[in-house]
Amino acid sequence: MRAVKSMIIVGGGTAGWMAAASLKHHFKERIDITLIESSEIGTIGVGEATIPAIRHFYYNLGLSDVDVIRATRGTCKLGIQFHDWHKPGSRFVHPFGVYGQSLKGTEFHHYWLKMRRKNMAAELGDYSLGVMLAKNSKFTFPAKNPPSSLSVFDWALHFDAALFAKMLRKHAENNGVKRIDAKIINVKRRDNDGYIESVQLDSGLTCEADLFIDCSGFNAILSEQALQTGYEDWSQWLLCDRAYAVQSKSVAPPNSFTDVTARPAGWQWKIPLQHRVGNGHVFSSQFMRDEIAREILLNNITGEPLHEPRKIMFKPGRRKLAWNKNCIALGLAGGFLEPLESTSIALIQTGIERIRSLLAACQYNDTIAREFNETTVLEYERVRDFVVLHYKLNGRDDSEFWRYCRAMSIPDSLQHKMELFKSTGHVVNYRWEMFHVPSWLAIFEGFDYLPDVYDAQVDQLDETMLAQNLERMRESLRMAVADTPDHADFIAQYCAAEEMA
Ligand code: FAD
């Protein structure tokens with residue numbers, strides 16, 4: 001066993017400060033933590049949409065939803081609205097929540113599949129409170145004791161990533177994390193086993209630690225530049241490899257969802273904050289030139305751009321070993337899947353949770369590192385499959401990019417999951433999946449990839465009764481939506497950023 005008494009976190013972006021705040025909160029005096037970041041290099045400056053898990057991250061630090069929304073000038077996110085993905089003109093919401101109510105132990109969607117075939121059911125989203133609230137740009141915190149499963153929905157945040165990191169930095173430093181602002185110019189490895197011994201800074205200082213957390217972004221200065229861990233490239237399935245990002249002035253009340261619109265060789269995001277809007281165009285350089293991508297972005301934003309669009313290049317995939325020797329890669333240093341489903345920050349969070357549980361006794365060995373790596377791979381692959389699904393199922397015929405994506409071969413694990421759904425109506429849920437049955441259903445339905453079969457149990461229920469049940473659910477959701485405040489009013493009343501209150 002190798003004891004861990006000291007830790008160096010390299011990087012002060014979202015990954016670095018999330019790791020510093022959470023690990024110090026957890027290990028307290030048992031591990032001495034120093035964070036080294038270079039304000040000269042700066043951070044990537046994007047990453048503003050999250051999934052609901054983030055809330056548990058900051059609850060664990062003793063922060064509340066209102067604290068975080070106010071400090072980060074955030075807004076609430078009930079899901080993602082997809083425009084033009086299935087076909088030009090199509091639109092659907094992937095909500096953070098469930099659809100309908102299961103009946104007699106059978107999941108709701110089986111009943112819906114039967115009734116839809118008979119033209120006796122509305123679209124799936126009409127049975128989801130999350131979707132209905134999002135479509136009407138409404139929001140309130142979910143009831144603590146929901147009166148029925150129909151009232152259940154979950155939510156996440158849109159936030160200013162720099163303000164989120166600032167908030168976490170304060171938390172971490174208050175708890176004893178030391179911060180050094182300097183550039184690492186050299187990494188020294190031990191002769192006998194190749195482990196990292198120390199990092200040398202441009203200030204002349206040399207810092208040693210037992211364990212290093214590489215949060216240095218795409219530079220991956222420890223895990224790749226020093227340890228040459230290698231990278232598994234997934235660009236055969238995820239063709240987008242560039243983005244232009246620009247912030248713009250808000251000209252309308254913020255939606256309670258992230259908006260993503262398909263473009264000829266990729267897609268565009270719109271993330272509303274209290275004080276501005278984040279926009280970006282993610283595209284494939286094989287299918288579109290940079291100048292065109294930049295122009296598409298600028299032509300499709302509402303509100304004046306606040307700066308020149310920034311170009312970001314990336315390679316979808318993951319570091320071959322997340323934990324290599326005495327170095328763990330988190331955040332962009334560990335890998336990147338494009339931001340379509342806002343999964344990067346969530347993967348940082350699960351990585352931190354794994355460090356906390358596997359390093360429980362402040363020591364590690366090869367078995368612990370292997371467990372960390374195996375679960376990280378599974379988690380990344382599950383997310384990858386979910387994102388690839390959005391491209392594979394597209395029905396667009398207007399550009400080479402979308403035709404290519406539809407025809408491309410996909411990972412076997414995804415093929416298997418798609419075939420099982422088509423032949424049984426059941427969505428298999430694997431361990432380490434970040435997205436559960438309702439999320440897969442949202443995408444399957446959004447792209448009209450639906451089975452002709454459903455669970456046999458469904459036929460035991462009288463059709464007229466079923467139709468009445470479905471209508472009652474819709475009516476009860478309509479009433480709940482009518483009683484919920486507008487998202488903008490909710491923010492103004494409960495969580496307006498201090499300078500804006
Ligand atoms: P960075 O922010 O790049 O930080 C790296 C840190 O390392 C910096 O502090 C830098 O100064 C430091 N550093 C680097 N080299 C050195 C050195 N030599 N010496 C000292 N310090 C050094 N994620 C989401 O969850 N939701 C989203 O909506 C989302 N959108 C995205 C859109 C795009 C186009 C991209 C590319 C990513 C997006 N992400 C999103 C991912 C998200 O931005 C990152 O996961 C998150 O910001 C974490 O980044 P990081 O901390 O790993 O890296």
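**Notebook: sheets, a covered helix and an enclosed strand**

I began with an open sheet of 3 strands, whose order is β13-β19-β22 and whose pairing is antiparallel. I then looked at its edges: β13 (231-233) and β22 (335-336) each have a single partner strand, so one side of each is left without a neighbour in the sheet. I note here that the model is predicted.

I followed β13 to its partner. Strand β19 (residues 317-319) pairs with β13 in the antiparallel sense, over 3 bridges. For Tyr-231, I found that the bridge partner in β19 is Arg-319.

**Entry on the whole chain**

I next looked up the overall make-up of the protein chain. I recorded 15 helices and 23 strands. The radius of gyration is 23 Å, close to the 23 Å that the globule rule gives for 501 residues, so the chain is as compact as a globular protein of that length. Along the principal axes, the C-alpha atoms fill a box of roughly 75 × 50 × 50 Å.

I turned to burial and contacts. Of the 501 residues in the chain, 57% are buried. Among contacts with a separation of 6 or more, 76% join residues that lie 24 or more positions apart. The exposed area of the chain is about 20,700 Å², and carbon and sulfur atoms supply 48% of it.

I also checked the charges. There are 57 positive and 61 negative charges in the chain, and the mean positions of the two sets are 1 Å apart.

**Entry on helix α4**

I asked myself how many residues of α4 are buried. The count is 8 of its 10 residues, and I therefore describe the helix as mostly covered. I listed the buried residues as Phe-108, His-109, His-110, Tyr-111, Trp-112, Leu-113, Lys-114 and Met-115. I then looked for what covers them: the buried residues of α4 pack against α12 (412-424), α13 (437-446) and α14 (463-482).

I chose Lys-114 for a separate check. Lys-114 has its place in α4, which spans residues 108-117. Is Lys-114 buried or exposed? Its relative accessible area is 6%, and buried means under 20%, so Lys-114 is buried. Leaving aside residues up to four places away in sequence, I found that Lys-114 touches Tyr-454, Val-458, Asp-459 and Glu-463.

I read on past the end of the helix. Just after α4, Asn-119 takes a positive phi of about 55°.

**Entry on strand β15**

I then examined strand β15 (residues 258-263). I found 6 of its 6 residues buried, so β15 is largely enclosed by the rest of the structure. I recalled that side chains in a regular strand alternate between the two faces of the sheet. In β15, Thr-258, Val-260 and Ala-262 point one way, Asp-259, Thr-261 and Arg-263 point the other way, and all are buried.

Which strands pair with β15? I found 4 bridges to strand β5 (residues 79-83), which runs parallel to β15. In this pairing, His-83 has Thr-261 of β15 as its bridge partner. I found 5 bridges between β15 and strand β16 (residues 266-272), and these two run antiparallel. Here the bridge partner of Asp-259 is Lys-270 in β16. I closed the entry with the connection between the two: β15 and β16 form a hairpin, with 2 residues between them.

Terms used
Residues are numbered from 1 along each chain as its sequence is written. This is a predicted model: local features need pLDDT of at least 70, side-chain atom pairs count only at pLDDT 80 or more; totals for chains, interfaces and linings use all residues. Side-chain values use heavy atoms; hydrogens and water are left out. The radius of gyration is taken over C-alpha atoms; the globule rule is 2.2 Å times the number of residues to the power 0.38. Buried means under 20% relative accessible area, exposed over 50%, partly exposed in between (1.4 Å probe, protein chains only). Contact means heavy atoms within 4.5 Å. Accessible areas come from the Shrake-Rupley method with a 1.4 Å probe; for residues, only the protein chains shown count as cover. Lys and Arg count as positive and Asp and Glu as negative; His and the chain ends are not counted. The place of a charge is taken as NZ of Lys, CZ of Arg, CG of Asp or CD of Glu. Two strands pair if DSSP finds at least two bridges between them.
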